[in-house]
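Let's walk through this model together, strand by strand and helix by helix. Keep the viewer open and turn the structure as you read.

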Amino acid sequence: MTMTQPPTVIRILACAFGAGLTVTALTAGPATAQTQPQAPAQARVHYDGSAEDAAANKAFFEAVLKSVAEKRAANPGAAQVTVLYNTANAPSFRTQIANSASIWNSSVSNVKLAATSGGGDFAYYEGNDSRGSYASTDGHGRGYVFLDYAQNRQYNSTRVTAHETGHVLGLPDHYSGPCSELMSGGGPGPSCTNPYPNANEKSRVNSLWANGFAKALRKLEAASADR
């Protein structure tokens with residue numbers, strides 16, 4: 001499956017549900033209902049994903065991870081690892097976003113998603129984009145998930161949102177997977193409405209946010225010590 005307005009971003013169409021296509025491209029900030037980005041001529045359209053997509057997904061996760069680690073370093077007594085998100089620019093999807101956050105929060109134990117009205121670790125946007133919904137990073141420790149209107153009408157909107165949030169938590173696409181696999185995205189077709197991660201996906205997220213987060217904290221501590 002393929003959301004502050006950075007001057008240049010790496011776009012990740014992790015799985016374009018609506019068109020059954022994905023695109024990796026360099027372009028300007030997130031689309032909104034008023035402003036829609038134009039895909040540059042060099043954009044490459046494909047269905048099964050690519051090494052470029054995988055690298056972009058990883059970059060997005062690492063940007064969110066770094067943002068959360070910086071907050072924890074500043075407040076080491078925090079009770080749990082929490083990823084903050086802002087829905088101010090996606091008012092039409094607040095119910096689906098809340099539902100997907102609840103699904104993930106009940107599925108994993110090493111990280112929690114929480115809404116904020118201030119600066120989050122990532123944000124959701126909504127609008128029209130022929131390439132569908134995607135997750136992206138501005139390269140400065142902030143990311144966003146963009147939710148496309150048409151795609152969310154054709155496919156189960158909570159599944160789309162939960163899938164894109166899966167990228168926030170570090171999961172890659174797996175288009176050939178069954179409907180029971182959340183990160184199979186639009187692969188199983190519009191009839192698939194499952195918004196829940198399977199056991200392997202839950203385990204992977206827990207592992208990433210135990211081991212990966214500890215690694216990010218150590219890196220920050222080492223950088224701080226060198227100053």
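Strands β6 and β8 run parallel and are joined by 6 bridges; two strands count as paired if DSSP finds at least two bridges between them. One place to look is A123, whose bridge partner in β8 is Y144. Further along, E126 stands opposite L147 in β8. On the β4 side, 3 bridges join β4 to β6, again in the parallel sense, and there Y85 stands opposite F122 in β6. Helices (H or I, at least four residues) and strands (E, at least two) are DSSP runs, numbered from the N terminus.

A word on what you are looking at: this is a predicted model, in which local features need pLDDT of at least 70 and side-chain atom pairs count only at pLDDT 80 or more, while totals for chains, interfaces and linings use all residues. Residues are numbered from 1 along each chain as its sequence is written, and side-chain values use heavy atoms, with hydrogens and water left out.

How covered are these strands? In β6 (122-127), 6 of the 6 residues are buried, meaning under 20% relative accessible area, where exposed is over 50% and partly exposed lies in between (1.4 Å probe, protein chains only). F122, Y124 and E126 line one face, A123, Y125 and G127 the other, and both faces are covered. Strand β8 (residues 143-148) also has 6 of its 6 residues buried, so it is largely enclosed by the rest of the structure. Here G143, V145 and L147 are on one side, with Y144, F146 and D148 on the other.

The end of β8 leads us to S133, which sits in the loop between β6 and β7 (134-137). Is S133 buried or exposed? With 0% relative accessibility, S133 counts as buried. Its side chain reaches the backbone nitrogen of D148 at 3.0 Å. The side chain of S133 also makes a polar contact with the side chain of Q151, at 2.5 Å. A polar contact is a pair of N or O atoms within 3.5 Å; within protein, one must be able to donate a hydrogen and the other to accept it, and residues adjacent in sequence count only if both atoms are side-chain atoms.

Now for the interior. In soluble globular proteins, nonpolar side chains tend to be buried together. The largest nonpolar core here has 37 residues, and V83, W104, F122 and W209 touch the most other members. Such a core is a set of buried Ala, Val, Leu, Ile, Met, Phe, Trp, Tyr and Cys residues joined through side-chain atoms within 4.5 Å.

W104 belongs to the buried residues of α2, along with Q96, I97, S100, A101, I103 and S107. These residues cover an arc of only 160° around the axis (taken from the directions from the helix axis to the C-beta atoms), which puts them on the same side of α2. The face turned away from that side carries the exposed T95 and S106.

Finally, visit F213 in helix α5, which is buried at a relative accessible area of 5%. F213 touches L65, V68, A69, R72, V81 and L208, leaving aside residues up to four places away in sequence; contact means heavy atoms within 4.5 Å. F213 and V81 are 132 residues apart in sequence, yet 8.6 Å apart in space, C-alpha to C-alpha.
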